[in-house]
Amino acid sequence: MKKLEGRAVICLALALALVAGLGLFITKLAIHGDEWAAFYANSHVYDEGYMTVGSVYDRNGVLLLKNDENGQHYHENGTIRKATAHIVGDRDQNIITGATYAFKSDMVGYNLITGTKGILFGSGRSVSMTIDAQVSKTAYEALGSRNGFVGVYNWKTGEIICAVSKPALDPAQKANADSATGTYINKVISSKAIPGSTFKLVTLAAALKEIDDLNQRTFKCTGKYEIEGEYVTCQSVHGTMDIFGALANSCNCAFAELTLELGADVMEDIVKDLGLTSSYNIDGISSEKGSFDFDTAKITMGWSGIGQGQDQVNPLSMMVYMGAIAGEGTAAEPNLLMDSKTKTTTLLDADVAKQLKEMMRNNVIATYGDRNYPGLELHAKSGTAENIKGESTDAWFCGFSGDYAFIVCVEKGGYGSQAAGPVANKVLQAISKNN
Ligand SMILES: [Zn+2]
């Protein structure tokens with residue numbers, strides 16, 4: 001009898017262990033099922049390491065990628081393929097912002113109840129991205145032979161209309177081991193770089209918040225501003241001007257003076273408040289964070305306040321800041337999937353945003369030329385970033401027009417508005433025609 005009882009206990013223990021194991025498996029299945037289904041060794045989904053199910057569309061229903069048992073079929077137009085490569089993704093899944101990597105479980109069509117039902121019917125599922133393929137093509141062509149990036153998003157809905165990055169690869173071609181540096185990186189989302197004078201909009205936000213009589217002040221530029229025996233210099237002698245003039249002239253002397261007056265703590269707070277030091281979650285993709293250091297020698301801090309010293313800005317977060325100026329303090333956070341819910345973020349006070357808005361409009365009228373941007377009622381700021389002494393500078397241009405906030409950089413392009421302004425204009429004109 002004792003023997004029997006002993007065996008019953010063992011049986012019960014084994015049964016409990018089985019139930020516990022099954023429970024653990026079901027829990028893991030619920031949590032990780034989509035990853036397992038999309039795992040590259042799953043032969044229902046992959047053939048020799050390449051996905052054979054799922055398709056990717058743009059916002060207008062243009063088919064950008066269709067996977068089937070015969071392979072991966074990208075758009076027939078080579079420029080569209082390259083212009084959308086960083087969002088659609090490559091078949092080797094090297095581009096982490098690409099749908100083939102970031103949204104592969106959506107493409108496989110895994111579902112906890114039905115499993116990979118989509119695969120049984122041979123097609124997987126389709127994902128619809130917020131990007132516009134035609135607008136992306138316009139952006140890619142506008143960059144021409146130069147590297148750089150173009151980001152545009154709807155600051156009311158969060159939809160990313162265009163996130164073009166060069167150099168790009170043609171995803172229809174086999175991966176090239178010696179691709180140019182940056183080929184697999186979507187610079188809009190995953191990079192950070194010296195922003196040049198576009199950063200004056202950040203220093204200006206702090207000054208508008210902290211200095212009560214800013215609008216009554218005058219600034220005097222003699223072409224150089226002395227800090228402890230060293231100089232922050234301007235391209236020319238801007239003379240006497242108010243804060244509107246200081247921004248429209250992009251006067252380094254005026255902004256270095258403001259930066260030192262505000263101090264390191266205020267500057268550190270403002271980059272944090274404006275979302276420049278944190279990462280956005282774009283349907284599961286984390287954007288790169290910017291990095292800043294104002295706690296330095298005074299001369300370095302002076303240069304940092306005008307976007308030249310220790311600043312590294314992530315373009316996407318700067319684009320959201322542009323959206324928040326347009327939205328009088330509040331903007332939608334960016335997304336890439338058409339069925340995403342809109343989340344909003346408040347980055348600055350409405351009265352500060354309104355003043356920035358007025359000054360950015362004045363920049364276009366006074367400096368960049370409104371006739372160069374017909375019908376756009378453009379608000380903008382340019383930047384010319386010096387990366388390596390003696391090399392040609394990177395041209396930046398950021399701002400907004402209507403519902404769209406944008407950021408453009410033409411690497412080694414020369415002067416900000418002259419090189420990057422026309423790129424922004426072409427892309428914004430294409431959007432106003434297409435949407
Ligand atoms: Zn000046």
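I'll start in the loop between α9 and α10, where S250 is found. This is a predicted model, and S250 in it has a positive phi of about 50°, although it is not a glycine. Most residues other than glycine have a negative phi. Is S250 buried or exposed? Its relative accessible area is 19%, and the cut-off for buried is under 20%, so S250 counts as buried.

There is another residue of this kind. E328 is not a glycine either, and its phi is positive, at about 50°. It sits in the loop between α12 and β15, the latter being residues 330–332. E328 has 34% relative accessibility, so it counts as partly exposed.

While we are on backbone geometry, one peptide bond needs a mention. The bond joining K166 and P167 is cis, with omega about 10°. Most peptide bonds are trans. P167 lies in the loop that runs between β8, residues 160–166, and α7, residues 187–190.

Now the chain as a whole. It has 435 residues, and 52% of them count as buried. There are 14 helices and 19 strands. The C-alpha trace spans about 100 × 60 × 40 Å along its principal axes. The exposed area is about 19,500 Å², and carbon and sulfur atoms supply 50% of that. Taking contacts with a separation of 6 or more, residues 24 or more positions apart account for 62% of them.

One helix I want to go through in detail is α8, residues 200–210. How many of its residues are buried? The count is 9 of 11, so the helix is mostly covered. The buried stretch takes in K200, L201, V202, T203, L204, A205, A206, A207 and L208. What lies over those residues? The cover includes the helices α9 (243–248), α10 (252–273), α12 (315–326) and α13, as well as the strands β17 (379–385) and β18 (394–401). Two of these, α9 and α10, flank the loop with S250 that I began with.

Of those partners, take α13, residues 350–368. The axes of α8 and α13 are 10 Å apart, and the helices pack at an angle of about 130°. That makes the two helices oblique to each other, and their crossing is right-handed. Which residues of α8 meet α13? They are L201, L204, A205, L208 and K209, and on the α13 side they meet V352, Q355, L356, M359 and M360. By type, the residues of this contact divide into 8 nonpolar, 1 polar and 1 charged. On the spacing along each helix, the general point is that an α-helix has 3.6 residues a turn, so residues three or four places apart point the same way.

Last, M129. This residue is in the loop between β6, residues 126–128, and α6, residues 133–143. M129 is buried, with a relative accessible area of 0%. Which residues does M129 contact, leaving aside its neighbours within four places in sequence? They are V56, Y57, D58 and R59, then I87, A99 and F103, and finally L336, L337 and M338. For D58 there is also a distance: M129 and D58 are 71 residues apart in sequence, and their C-alpha atoms are 5.0 Å apart in space.

To recap the backbone points: S250 and E328 each have a positive phi of about 50°, and the bond between K166 and P167 is cis. That is what I have.

Note on methods:
Residues numbered from 1 in each chain as written. Predicted model: local features only at pLDDT ≥ 70, side-chain atom pairs only at ≥ 80, totals over all residues. Heavy atoms only, no water. Axes fitted to C-alpha atoms, helices over the stretch in contact; angles between N-to-C directions. Helix = DSSP H or I, 4+ residues; strand = E, 2+ residues; numbered from the N terminus. Parallel < 35°, antiparallel > 145°, perpendicular 65-115°, else oblique. Left-handed = near helix turned anticlockwise from the far one by under 90°. Contact = heavy atoms within 4.5 Å. Nonpolar A, V, L, I, M, F, W, Y, C, P; charged D, E, K, R; others polar. Buried < 20%, exposed > 50% of the residue type's maximum accessible area, 1.4 Å probe, protein only. Areas by Shrake-Rupley, 256 points an atom, 1.4 Å probe, with all protein chains shown as cover.
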